[in-house]
Amino acid sequence: MTRVSASPAIALRGVRKSFGPIVAVDGLDLDVPEGVCLGLLGPNGAGKSTTMRMLTAQAVADAGEVRVLGFELPRDSKRSRAQCGVVPQEDNLDVDLTARQNLEVFARLYRIPRRERGAAVDRALALARLTGRADARADELSGGMRRRLLIARGLIHRPRLVLLDEPTVGLDPQVRQDLWTLIDGLRNQGTTVLMSTHYIEEAERLADTVAIMAEGRIVAEGRPSELVRRHAGAETLEVYGPPARLEDVRSSAESAGYRVRRSGPAVAIVGAERNGGLPHGERRAATLEDVFVLLTGEEGG
Amino acid sequence: MRSRLDPAAIGGVMYRDLVIFVRYWKSRTFSSVVEPTIYLLAFGFGFGALVAKVDGIDYVEFVGTGVVATAVLFSSAFSGMFDTFIKRKYQRTYDALLAAPVDPGDVVTGEVTSIALKGAVYCMAPLLVAIVFGLDPSPWIVVVPVIGFVTGFGWASFGVTAAAIVPSIDTFNYIISAVITPLFLVAGTFFPIDTLPGWAQGLAQINPLYHTVQLVRAAVFDQWVPADLWHAAALLVFAVALWRIAIWRLGRRLID
């Protein structure tokens, strides 16, 4: 389904938010057009979660403008929340309730008409692949099942916009693959998705557009391949060796005008396709990880 | 973000409470009914042997009507405090609700209405026990659940406010010892307040529980006096004021 719409699903302009002396979001500008899956990628502490909370008015910006689905927040946030599906980073399922009851509560909260509620709950259970465990209490489900239930809960009312905050953090690889399939399905249906993550692979696989966030603002935005080309070029050279040698490699490459980053036990020289005065090493295609580390720093959050 | 009452959101919050109540009604009902009944039996028969009548009423009946207020206080203030604290801090239930089209006002209104409805039912337990021991109530007993509802609404809001303010669950000990216990003892439940010194009688006038006790006795014994208008007004003001304060404090706590 294509929707012709002049305004983006999410529009943030000059948004700021501090907690006491800590500036979490510092002049953020971001547009998420309708029908796009945008990955908000940044290290821990970059301000991603605060940004996500501002989109449901669970945090109120100190300055700037927040518009979601055309509604101005926080004033009209209730109307925008009615059309948003939110999957929080922290599991906040009702542990006393069964999978089905968890969904029934939210079917009501999202104002699904009475005669459609049963079908909506069944559909969400099927989406979470929990039809057989519908009457198990949430605290009897495995971590992966709970995550799927949490996602299905946010989708029960077929929202126009889905907000996923670190959807696969702390899960094992099988469960992550599973959730990626689920999220990819949403994207294919044309639902607008904003997903925050600090996993580069997750953003690369799922997002049409990636916005890299560091220290409370967006430092780069574009399609993953475009970001790689623009910020890291074509090739990266990885040089292995003892620490003292790596220091030498690093300083000589830097003085030759290359950008260099640490890459595990190696030193990665970015833009190696220029090919002048480089030591021997392993050449590989530049990745989004190169961009991420170059733009957000090596220290991490 | 001022908002009007939103029946769909409040109904959703109360539906959740109902599902949980259906699961736990036995233990909840047990503690809410048995505790005031023990007070009734202990004081009614313990002191009842020494004090035959108070204000022309059999002591067992005096306590049986007084303990109605205690039943509501315990069931609603403690639910408001502990359940709200656990849901906000440990289960993060309120974060989930506020991400849906639900505002803090809807959360508070739904929660305290659910608690107040339970209070309206539980408050009848001591009266039923007293009836077994010979209380012969007037038809006005039918307004007791209404008094119980308003009282429960106020005390549940008090509990939610406390849960929004305290940093840890241990802080509730201060509130229970310094606020709830004195109010519960100086409410005319076990002894009439006119035996107290003047300053304590003055304090009783600002004790919402005292107004509940007076209204319940007026209803059960059909002894209405003009002062009951003051008691009713005071109780309503208490309930509405605490409800607004609870919305304000929980909103401040949940929204950054």
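Trainee: What makes Ser225(A) and Arg230(A) belong to the face of H8(A) turned away from its buried side?

Mentor: In this predicted model, Ser225(A) and Arg230(A) are exposed and sit on the face of H8(A) that is turned away from the buried side. A residue is called exposed if 12 or fewer other C-beta atoms lie within 10 Å of its own.

Trainee: And which residues of H8(A) are buried?

Mentor: Helix H8, residues 224-232 of chain A, has Pro224(A), Leu227(A), Val228(A), His231(A) and Ala232(A) buried. They lie on the same side of H8(A) because they cover an arc of only 100 degrees around the axis. Here is a handy rule: an α-helix has 3.6 residues a turn, so residues three or four places apart point the same way.

Trainee: What covers the buried residues of H8(A)?

Mentor: The cover includes helices H7 (200-206) and H10 (288-296), along with strands E9 (209-214), E10 (217-222), E11 (235-239) and E13 (266-270), of chain A. After H8(A) comes Gly233(A), with a positive phi near 75 degrees.

Trainee: Why is Ala124(A) called buried?

Mentor: Set the value against the cut-off: buried needs 20 or more other C-beta atoms within 10 Å. Ala124(A) has 27, so Ala124(A) is buried. You will find Ala124(A) in helix H4, residues 114-127 of chain A. Beyond residues up to four places away in sequence, Ala124(A) touches Leu103(A), Ala152(A), Arg153(A), Leu155(A) and Ile156(A).

Trainee: Why does Ser157(B) count as buried?

Mentor: Try the cut-off of 20 or more again. Ser157(B) has 31 C-beta neighbours inside 10 Å, so Ser157(B) counts as buried. Ser157(B) is placed in helix H6, residues 144-165 of chain B. Leaving aside neighbours within four places in sequence, the contacts of Ser157(B) include Gly80(B), Val112(B) and Trp243(B).

Trainee: How far apart are Ser157(B) and Ile247(B) in sequence and in space?

Mentor: They are 90 residues apart in sequence and 8.4 Å apart in space, C-alpha to C-alpha. For Ala124(A) and Ser77(A), the values are 47 residues and 25 Å.

Trainee: How do you know that E1(A) and E4(A) pair?

Mentor: Pairing needs at least two bridges. Strand E1 (residues 10-19) and strand E4 (residues 63-68) of chain A have five bridges, in the antiparallel sense. By the cut-off of at least two, the strands pair. Leu12(A) stands opposite Val66(A) in E4(A).

Trainee: How many bridges join E1(A) to E2(A)?

Mentor: Eight bridges join E1(A) to strand E2, residues 22-32 of chain A, and the two run antiparallel. Arg16(A) has Asp26(A) as its bridge partner in E2(A). The hairpin of E1(A) and E2(A) has two residues between the strands, and Gly20(A) takes a positive phi near 60 degrees there.

Terms used
Residues are numbered from 1 along each chain as its sequence is written. Chains are lettered from A and ligands numbered from 1 in the order in which they are written. This is a predicted model: local features need pLDDT of at least 70, side-chain atom pairs count only at pLDDT 80 or more; totals for chains, interfaces and linings use all residues. Helices (H or I, at least four residues) and strands (E, at least two) are DSSP runs, numbered from the N terminus. The arc is that of the directions from the helix axis to the C-beta atoms. Two residues are in contact if their C-beta atoms, placed from the backbone, lie within 7 Å.
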